[in-house]
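Biologist: Could you take me closely through one part of this protein, the open sheet and what packs on it, and then set that part within the whole? I am in my first year, so please explain each term as you go.

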Amino acid sequence: MSSEIEIAKSGRAACRVCGKKIAKGEHRLGIEYESEYGTSYRWHHLSCAAERLPNELRPALDEWTDELPQRQELLTTMEGVDSPDASSDGVDYPDYPSASLAPSARARCTECGESIGKGDVRVEIEHEVEVNDSRRTVTGYLHPACTPQWARDNWTEAVSFADTLRHNATVDVPAAAFVELAAAEVVERPPFEGVDERLLLSIANKFRKASDPNGFEHGEALDAVDYALREPLLWYLARHDLCDAHKDPGMWRLLAEASEHFDLEATVELLCRVPAVFAALYGSYSADSILPDWSSELQSLVAQALRADEPRVRERLSDMRANVRRGVCLVLAMRGQSVPEPERAPLARALAHRAAHDYPQYVDDVLDDDAEQRMFDPGPIASALDAESWRQTLQEEAERHQWYDAGLVRDALLAMPRATFIRSVLRAEGGDMEAAAFVRLCEDRGDSAPELVETLMAQPEDDRSGSHYERMLTATMARCPGQVPPGAEDQLDFLAMNPDRSDGAEAIDRYDRALRALGDERIDALARRLLKSHMASRAAAPLSVRFDAEVYAQIFEDPKAYLSASWLALPGPQVVPHLLTALKAVGESDRSKPILSALMRALAAAATAGQPVDGPMLDLLGLGALDDPSTAVLDQLGTILPAVEPEALAAFVRRHLDSADRPEQILWGAAHSRDTALRGQAMAALVDRRSSIDSIEILRRAIGVLGADALPMLREHIGRSNGDRTFLSRLEKVLSDKDVATLAEAQGLAEESPLQTMQRLAEASRKRERIYVFDTDRSLASPRPDGLTCHGGAAPAGVHVPTHDGEPLSHILTLDLQEAPELGALYPGKRALSLFLRSPGRGTFNDEGVVVLTAEPGARGQGSKPFALVALDVPTSVFSSRARKAEIKQLRGLLFNRAGYALGEPMWIQSSDPQGQFLFQFDDHFDVNLGDSGEMYVWSSGTSWQCY
C-alpha cells in the first residue's frame, strides 16, 4: 500500500486512529486502498500515524520536501515506537485484516449486513465483489463481534488470523474480534457415480470461477456430463462444499430449479452461510427481491425446505444471517404459518419499506409446487406480523416522499399538514397519482380548493416542473370556479394538451374545466398574454374554451413564434378557414408544416362531428404524395376520407390515377368511392405502378376498406404485373396465404425455393458482390461431406484452442476457407477460420472473441454440427438500411433473418461501428447470447455485437 502526505482540502475527513476530524489546511497522511468504487485513501493525523503507523509515515516524510513544522517531532515519536515489522519475528503478515475507527455510519458489516456506527472500531478485510462485470478485490468491514464467524468461513492464509489482526490494527480492537481457527475436520467424500474425479474437480473449479447470476456459465460446465446426471451433480457439489454455493446466485438459481433431487440438509447449510449483503454478487444484474438482500431463487429454496421439514428449518433459524432469517419468515408468513416473535417487527418494517418504494410486486408463488408469477400484496401479511411497525414505517416513508401506491400510505397522507401533503405528492418517487385520485384525497382531507391552489403555487420551482404539478394544479383549479387565486393560469404550460399522447384526451378535458373556472375575462386576458410569448400558438388553448377569431388570427403574425399543430387545432373545426388563410400567407416555408398538420387535425374533428369535407382539401393535404406518414396522420386521413363529398372524391382520384407518387394512397382514396369502375381503375393503376408502392400500411388500409371486393379486383388485374414475384411478396403482408396462392396460380407461377427467391431478388441490380450465406437448417443447400464448416462442439482437430485463466474458450464456429475462396484470399495458406468466445451463454464477453486461423486442420471436432456456405452475388445496396427499391428491401430482410453471412458489409442494428476488415456476422442460431434479437460482427481485429 502506498502512502503520501498532503494538505487537507476540507475538514470532513476523520482520522482512522483517533476518530477526530482533520482540520482543513492541516497536514495529513493518506494510505491508499482499493474500494468497490476504485482507488481511495484512508486519512490520519500525522501525530497519530507516527505512533501507530510509523512504517507508512516514514516513506511519506521522505517524499514530502516542502516545509513541515512538526517533522522533527514526528521523527522523535517514531524512534520511540517499536516497528511492527521488527516485532514480527520474520513472519510475512498479509495487509489484512486490520482495524480502524469508522469515520461515518455509512458502511455495512459484510457478515451481518447491519450498519457500523460512526466512531466504532471496525475490522477491515479483503473480499471479492463484481463491479462492471469483472471481479475485484476490495476492502470490506466487520463488526468486531462478527469477525470470528467471517474468519471461520473465509480465512485461508497460513498465518494466524488473530495475530495478523493484532499486527495490522491501528486502534485497540475489542477481544470479541479475535479467534483462533482450528483445523477443519476432514470428511471423506464419496465418489459421484458416472463422473470421474478429474472431470468432477474440473467442473467444481469452473463453478468457483463462474460469475453469472443467471447460471449460464454453470450450465456450460455441466454440458460435459450426461443430462440425467446434471441435477444430482449440482446437489453433490453443494453438499460436499466443492463450490462456493453459499455466495453464488447462479448456483442458487440452478438448485432452485433442480427440485426433483432436492437435498434438505445441503439447503439448510447453504442458508446458514449466505452472506448478509450479497447485492455485489449479482454484478451488473439485480436480485429479483421483495426484501433487501433477498432473491426469488433463495425464496424458492426456502419454500422447498419448509415443505420438506419445517421444524428443521426453524431449528437452524438462529444460525442464519438477519437477511436470510427475514426471508425465511417471509415465506412462513406467505404460507400462513406462524413467524417467531422477534422476527415480526423487522420483517414488517422491511416489507413496508419495500412496498412504499415499489408496489405492487410480482413474486414467485411459494404456496404451490409450480412457480407462477402472481401479484404480491404485503399489506395483510405485514399487518398480521406487526401492525404498528407496518403503519409507522409507511408513515415515515410517506413523510420522506418515498411511496409508490397512494392507497398504501393513504392514512399518512390524510393526516399530514397541507403543505407537507402537497410536497409529498409532488416529490414521491413513483407515486404517479392521477388527477382524479388527488381530488378524491383532497376531498377526504377536507382541504379548501383555493387554499390548495395557493399551496401548490408556493412550492419551490423544482417541484413545479413535472407532470405531477400540472395534473394537481389543473384538477384543483377546476374545483374552484370563480375563486381561482390570481396568477394560477400563468403557471399552466399546456404541453399536456396533445391529442397524440396516451393521456391527451384526459388532459384536454382537465384543462378545459380548469380554464372555464377562470371566467371569461381572465380567459380572454390569458389568450392575449400568450400571444406575446415565443410560443404564440399556446393562445389556442384558452381559445378552445372561448373562441375569438380575431385573436386566433394574430397567432400567425409573428414570423418567429413557434407553432404547434396540436395547440393550433384545439379549437376544432372552426379554425379551418383561419388555417387556410395562414397557409396561403406562409407559402412553402417551414411554417407551413405545423399549419398543414393542424389543418388535418381540424378536418378530422369536422368529419367526426359529421361535417362534410371539401374535395380540394385532399390536394392540399398531399394525398397521393405523402412521404412516410405517421400512424396519427393515417388515422386522421382514415377519418377524413369517408367525409369527402362523393363527387369531389371521385374527381380527385381520376386526376391522380396516373400521376400520384404513391399509387397505394390513391387506391385508399378510391376505396371510399361508390364508383365501382373507378375503384377498378385505381387497382389497375396500382398494379401498373407497383414499383412506386411505398407504404405497406396504407396498402393494408386500402385493402381493408375494399373488403371482399379486393381479391376479385386483384385477380382481374394481376396479369398486368407479368408474373412479378416481388409484387406478390408485398401482397403477402396484406392478404392471407390462401389469397396470395390464388393470385400466384392465376399467373401460373410455380413455388420458389428460398435460394431461388434470393437469387431472383439479387438480379435487381447490376452492381453486385459475392457473399456466403450461412445455412444451418439445410433449406438452401447441404453441407459438403468433406468440408470443415461447422458450429458448436469441439473445434476441428489441429485447431489451437485459446484459453482464459487456464480455461479453454468455447468453439462457436469454423469456416472452411476452401468453401469460400474470396474469404480465403484474405489469409493465403490457411484452410480454416475458427471463432472462440468466453461464456457464450452469458453474453458479457462477446466483444472479446478470438479468431484462430489454421493451415492444416484435421477432421471436424466431436459434437460439432456441419452447415453449408452458400455463394450468392448480391447488390451492394442491400447492406444499406436506406435502400428504397422493393426487391432490395425484401432481399435485405431475407438475408438479415438467415443465420449469418460472410463478406460484403455488416447490416447494423444500431449505429455503424466498423472495426477493421469485416469477415462475417451471425445471430443466435449459433447458441450465443446476443440479447434481444442481436447480431455478432466478426472482424479481422476481433468481435463486436449489437441488439435491439
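Modeller: I will start with the model as a whole, go on to the sheet and its helices, and end with some other buried places.

This is a predicted model, in which local features need pLDDT of at least 70 and side-chain atom pairs count only at pLDDT 80 or more, while totals for chains, interfaces and linings use all residues. Residues are numbered from 1 along each chain as its sequence is written, and side-chain values use heavy atoms, with hydrogens and water left out.

The mean pLDDT (the predictor's confidence in each residue, from 0 to 100) is 89 for the protein, and 95% of its residues reach 70 or more. Over residues 84-88, however, pLDDT stays under 50. The secondary structure comes to 38 helices and 21 strands; these are DSSP runs, numbered from the N terminus, with H or I over at least four residues for a helix and E over at least two for a strand.

Now to the sheet itself, which is open and has six strands in the order β17-β9-β18-β19-β20-β21, with antiparallel pairing; two strands pair if DSSP finds at least two bridges between them. At its edges are β17 and β21 (942-946), each of which pairs on one side only. From one strand to the next the twist averages 25°. Within the sheet, β18 (residues 900-902) and β19 (residues 918-922) pair in the antiparallel sense over three bridges, and G900 has F922 of β19 as its bridge partner.

Helix α36 packs on this sheet, where it touches β9 and β17, and its direction makes about 25° with that of β17. Such angles run from 0 to 180 degrees between N-to-C directions, and the axes are lines fitted to C-alpha atoms, for helices over the stretch in contact. Another helix, α38, lies across β9, β17, β19 and β20 (935-939) and runs at about 160° to β17.

In α36 (residues 754-762), the buried residues are L755, T757, M758, L761 and A762, where buried means under 20% relative accessible area, exposed over 50% and partly exposed in between, with a 1.4 Å probe and protein chains only. They cover an arc of only 160° around the axis, which puts them on the same side of α36; the arc is that of the directions from the helix axis to the C-beta atoms. These buried residues pack against α34 (725-731), β9 (768-775), β17 (868-875) and α38 (886-896), and contact here means heavy atoms within 4.5 Å.

Elsewhere, helix α17 (residues 435-445) can be described in a similar way. Its buried residues are A435, F438, V439, L441, C442 and R445. Seen down the axis of α17, they fall within an arc of 165°, so they line one face of the helix. After α17 comes G446, whose phi is positive, near 85°.

Lastly, buried residues make up 51% of the 948 residues in the protein. The largest nonpolar core has 190 residues, and L351 is among those with the most contacts inside it; such a core is a set of buried Ala, Val, Leu, Ile, Met, Phe, Trp, Tyr and Cys residues joined through side-chain atoms within 4.5 Å. In soluble globular proteins, nonpolar side chains tend to be buried together.
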